[in-house]
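Thanks for coming. I will go through the charged pairs first, and then a patch on the surface. Please have the sequence and the coordinates open.

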Amino acid sequence: AQDLVSLLSSHRDNIQDELKWMQLHPRYLKDSDFLGPKERKKRKIARIMALLDINNVDDERVLNASEDYSEYFNALVHHLLERRRRAHKEEVMKNERLRRARHLNGMKKDVQE
């Protein structure tokens with residue numbers, strides 16, 4: 001029983017020391033401590049608005065106002081895909097010409113012999 005009392009007293013003392021330390025040295029969350037792109041964006045906008053002293057801008061309107069670049073990227077993907085197809089087709093045709101040329105050269109050698 002005495003061991004239990006001394007153990008609990010020791011733990012209580014440690015907890016009280018930690019509490020005092022935390023009260024003297026408070027920790028504040030930074031913007032990078034928050035997870036999620038929406039929350040980081042929201043906090044960034046709030047920080048910028050505070051720096052610029054802007055109070056009348058609707059946060060939701062600013063957060064949701066993003067341009068749609070999907071059409072550009074879809075066209076880019078299509079262009080790159082067509083370029084790869086053309087390059088592949090040219091490579092296949094080149095290999096076919098080489099194969100035919102080798103075949104014809106082999107036939108000419110057979111005729112000469």
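The structure holds four salt bridges. Keep in mind that this is a predicted model. As a reminder, side chains of opposite charge can pair when their charged atoms come close.

I start with the pair at low residue numbers. Asp-13 makes a salt bridge with Arg-12, and their closest N and O atoms lie 3.9 Å apart. The cut-off for a salt bridge here is 4 Å, so a separation of 3.9 Å still counts. How accessible are the two partners? Asp-13 is at 36% relative accessibility and is therefore classed as partly exposed. Arg-12 has a relative accessible area of 48%, so Arg-12 is partly exposed as well.

Next, helix 4, which covers residues 70-112. One salt bridge joins Arg-85 to Glu-82, with 2.9 Å between the closest N and O atoms. Why are these two about one helical turn from each other? Because Arg-85 and Glu-82 sit three residues apart in helix 4. On accessibility, Arg-85 comes out at 48% relative accessible area, which means partly exposed. Glu-82 is at 27% and also counts as partly exposed.

Further along helix 4 there is a pair with the same kind of offset: Glu-96 and Arg-99 are three residues apart, about one turn of the helix. Their salt bridge has its closest N and O atoms 2.6 Å apart. Glu-96, at 29% relative accessibility, is partly exposed, and Arg-99, at 47%, is partly exposed too. Which residues make up the network around this pair? Salt bridges link Glu-96, Arg-99 and Arg-100 into a network.

Now the uncharged part of the talk. Which residues form the nonpolar patch on the surface? They are Tyr-69, Tyr-72, Phe-73, Leu-76 and Leu-80, and together they have about 520 Å² of accessible area. Take Phe-73 from that group: Phe-73 is placed in helix 4. Is Phe-73 buried, partly exposed or exposed? Phe-73 has 45% relative accessibility, so Phe-73 counts as partly exposed. Membership of a patch needs over 30% relative accessible area, and Phe-73 at 45% therefore meets that condition.

To recap, helix 4 carries the pair Arg-85 and Glu-82, the pair Glu-96 and Arg-99, and Phe-73 from the nonpolar patch. The Asp-13 and Arg-12 salt bridge is the one I began with. That is what I have for today.

Terms used. Residues are numbered from 1 along each chain as its sequence is written. This is a predicted model: local features need pLDDT of at least 70, side-chain atom pairs count only at pLDDT 80 or more; totals for chains, interfaces and linings use all residues. Side-chain values use heavy atoms; hydrogens and water are left out. Patches are made of residues with over 30% relative accessible area and no salt bridge: like charges are joined within 9 Å, nonpolar side chains (Val, Leu, Ile, Met, Phe, Trp, Tyr) within 5 Å. Accessible areas come from the Shrake-Rupley method with a 1.4 Å probe; for residues, only the protein chains shown count as cover. A salt bridge is a side-chain nitrogen of Lys or Arg within 4 Å of a carboxyl oxygen of Asp or Glu. Helices (H or I, at least four residues) and strands (E, at least two) are DSSP runs, numbered from the N terminus. Buried means under 20% relative accessible area, exposed over 50%, partly exposed in between (1.4 Å probe, protein chains only).
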